[in-house]
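I opened this entry to keep track of what I looked up, in the order in which I looked it up.

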Amino acid sequence: MVCEKKLVDEVSGWLRIFDDGSVDRTWTGPPEVKFMAESVPPHEDFLDGVATRDVVADPNSGLKVRIYLPEKKADSSYDKMPVVIHFHGGGFCISRADWYMYYSTYAKLAASAGVIVVSVYLRLAPEHRLPAACHDGYAALLWLRSLARGDSHEEWLNSHADFTRVFLIGDSSGGNIVHQVAAMAGEADLSPVKLAGAIPIHPGFVRVERSKSELENPESPFLTLDMVDKFLSFALPVGCNKEHPITCPMGEAAPPLQGLRLPPVLLCVAEKDLILDTEMDYYEAMQKSGQEVELVESSGMGHSFYLNRIAVKVDPHTAQQTEKLFAAISDFIHKH
């Protein structure tokens, strides 16, 4: 007799956990938005000015990355391009580097900013609790160092990358990973790689106590209080709460910010984000600690609004704020 497995917990639409430990990430929400969470196959020919390939960066761990290579413009004066390492969001529990929402966003950044994007396939919780995803992010940076030193080779990167201008960028929980990897990099000899900047976009910085913005700002398709609470309960090390350094780097449990060797930071926030207040706590703590930090705020927008490809297409204000956000990101990259 085969016993049916029982549902233990779920995050509506996104994820179901069963009593045998298995996890089902099949999208069960509105079918009209399913395309945003579907995988886009790599293509080594240039489409809309960008080619992509998936590469195994570490054969031992199986760590994979997706590379976005922009087509070199005829009037381009540069030989090598900055590298932007990308960490996807999803509360550490869902999503993949090849999802359409990331593909459409970061292929466009590669083409418009003239940068090579290296997007990391992060391990997911609850199967791989934190700090697993942070270790994956750091491993991707060390892989770039091995390429720059000639210890390993990847054709596109070795031919076209400027390893002295490497940036970190991350959406939502990927923004948490940006901070962690930047802090780890400050303790390492990355030469000849130089970490030139860090760009957390709507990072998942929270505290145990609900903030005013969590209580008053509207929930969005990409962030609800249920998602915040449940994803973090699945992702944080067993026995830890939201004051953990990965989710609250400005808190008392985290290493003092003034002691960290961080690159310049561009913190991107949204006016209507549920977790705006704790993101601003981080910004103020970074300023007080003497870290170099700039702020970009998107007016009238909610969490990860720019990844909602339907809203970007049909709502002029969302489209305008998305353009403005990525223009600021491009400017930050080009001045560092």
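Which elements of the protein chain have the lowest and the highest mean pLDDT? I found strand β1 (residues 7-11) to be the lowest, at 94, and strand β9 (residues 195-201) to be the highest, at 99; pLDDT is the predictor's confidence in each residue, from 0 to 100. Over the protein chain the mean pLDDT is 96, and 98% of the residues reach 70 or more.

I note for the record that this is a predicted model, in which local features need pLDDT of at least 70 and side-chain atom pairs count only at pLDDT 80 or more, while totals for chains, interfaces and linings use all residues. Residues are numbered from 1 along each chain as its sequence is written, and side-chain values use heavy atoms, with hydrogens and water left out.

**Helix α2.** I next looked up α2 (residues 132-148), a helix in the DSSP sense (a run of H or I of at least four residues, as strands are runs of E of at least two, numbered from the N terminus). Its 17 residues reach 25 Å from the first C-alpha to the last, close to the 24 Å expected at 1.5 Å a residue, the expected span being 1.5 Å times one less than the number of residues. The helix is mostly covered, with 12 of its 17 residues buried (under 20% relative accessible area, where exposed means over 50% and partly exposed lies in between, for a 1.4 Å probe and protein chains only). Among the buried residues are D136, Y138 and W143. G150, which follows α2, has a positive phi near 85 degrees.

**Helix α7.** For α7 (residues 276-288) I found the end C-alpha atoms 18 Å apart, which agrees with the 18 Å that its 13 residues should span. Its buried residues, including E279, Y282 and Y283, pack against α4 (173-185), α5 (212-216), β10 (265-270) and β11 (293-298). After α7 comes G290, whose phi is also positive, near 85 degrees.

**Helix α8.** I then turned to R309, which lies in α8 (residues 309-314). R309 is buried yet has no salt bridge, and the nearest side chain of opposite charge, E323, is 7.3 Å away; a salt bridge needs a side-chain nitrogen of Lys or Arg within 4 Å of a carboxyl oxygen of Asp or Glu. What I did find is a polar contact of 3.2 Å between the side chains of R309 and S104 (a pair of N or O atoms within 3.5 Å, one able to donate a hydrogen and the other to accept it within protein, and residues adjacent in sequence counting only if both atoms are side-chain atoms). V314, also in α8, is exposed, with a relative accessible area of 61%.

Notes. Lys and Arg count as positive and Asp and Glu as negative; His and the chain ends are not counted. Contact means heavy atoms within 4.5 Å.
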